[in-house]
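Q: Please pick a single part of this structure and walk me through it closely. I'm new to this, so keep it plain.

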Amino acid sequence: MQSTLVSFPDGALTGEGEVLLVDQSAAIVVVDATPFHPVDHTWPDQPGDSGAIAVGDVQVRVTEAVMAAVSDEGALAVGSDIPVKRGGEGWTWMVGHRTEGAIPADIAVGARVTLTVDADRRDSLSRGHTACHLASLALDAALADLWRKEIGSDPLGNPDFEGKANQSSRIHPDGSVDEYRLGKSLRKAGFDSEGLAASLAERQQRINELLADWIAAAGDSRIDVEGPSIIDRRTWRCTLPEGEVGFLCGGTHVRSLGEFASISVSLDLSDPQLLVMTTTAVAA
Ligand SMILES: [Zn+2]
């Protein structure tokens with residue numbers, strides 16, 4: 001067994017490979033190489049790709065690609081049942097293709113298969129993920145003057161509100177929902193939550209202006225990899241008018257900000273302890 005080789009960072013939607021593992025009870029097929037992006041089991045922000053695996057005319061639907069890991073003792077664990085973080089020692093890390101219904105006999109260990117990702121869904125998830133990152137950078141910029149103490153900075157040099165307060169991020173086709181905890185610890189770190197509440201509408205407008213400027217500049221967006229397997233570190237990089245930004249990211253992204261007609265956010269503070277940012281992308 002080896003870690004799965006992945007081609008989704010280059011934008012691949014199809015591929016070929018050899019089946020390494022079939023588990024009927026878990027409804028999981030593992031192939032040595034795949035274009036499918038799997039949902040991460042510890043930070044499940046972007047859903048896994050869907051699509052199909054085929055041998056000749058025989059095919060099985062893949063409902064979602066997930067992380068799978070085999071321990072040195074030979075035990076298979078899938079998705080949230082994996083007891084350690086991605087890349088942990090003592091495990092071999094793989095992309096598991098979760099199938100719909102029984103896995104046909106032709107799709108057996110050793111078989112050569114073709115893999116096809118649902119392109120429209122991937123594209124919309126890539127737009128959702130890039131939009132999510134851009135919105136978080138614009139949020140940091142729009143809240144920068146609310147910090148009364150020095151904290152670490154984000155890739156644009158603004159106080160890293162995202163890094164300090166983000167507690168969950170959920171990406172869906174053409175958008176995302178991010179939740180930020182505005183509790184006592186953020187106040188202690190120097191953040192003016194009352195100031196935010198008093199100026200929420202202006203902050204939202206500032207974010208949307210920044211996003212419009214960034215899209216209009218139509219900069220490049222890409223994923224850099226440190227190696228070919230699912231456990232190699234990946235970094236999203238994007239060119240903005242302010243310069244190139246980048247951070248570690250396991251997901252998929254657009255190739256150019258010209259792929260967007262618009263990205264906009266709405267901020268909700270109906271629970272004063274929880275800022276919810278909903279991001280909506282529209283394809284060009
Ligand atoms: Zn990301």
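**The zinc site and the space around it**

A: Let's start with the zinc ion: along the chain, its donors follow the spacing H-x3-H-x115-C. Donors here are N, O and S atoms within 2.8 Å of the metal (3.2 Å for Na, K and Ca), with water not among the atoms. The model is predicted, so local features need pLDDT of at least 70 and side-chain atom pairs 80 or more, while totals for chains, interfaces and linings use all residues. Numbering runs from 1 along each chain, and side-chain values use heavy atoms, leaving out hydrogens and water.

So who holds the zinc? His129 and His133 each offer NE2, and Cys249 offers SG, at 2.1 to 2.3 Å from the ion. His133 sits in helix H1 (119-142) and Cys249 in the loop between strands E14 (243-248) and E15 (260-271), so this pair ties together parts 116 residues apart in sequence. (Helices, H or I, have at least four residues and strands, E, at least two, as DSSP runs.) Both His133 and Cys249 are buried, meaning under 20% relative accessible area with a 1.4 Å probe, protein chains only.

Now look at the largest pocket, with about 770 Å³ of space. Cys249 turns up again here: of 34 lining residues, the closest to the centre are Trp43, Asp45, Leu248, Cys249 and Gly250. (A pocket is an open set of 1 Å grid points where a 1.4 Å probe fits, with protein on both sides within 12 Å along at least five of seven lines; lining residues have an atom within 4 Å of a point.) H1 returns too, giving the largest share of that lining, six residues.

Technical notes. Buried < 20%, exposed > 50% of the residue type's maximum accessible area, 1.4 Å probe, protein only. Points joined across faces, edges and corners; volume = space filled by probe spheres on them.
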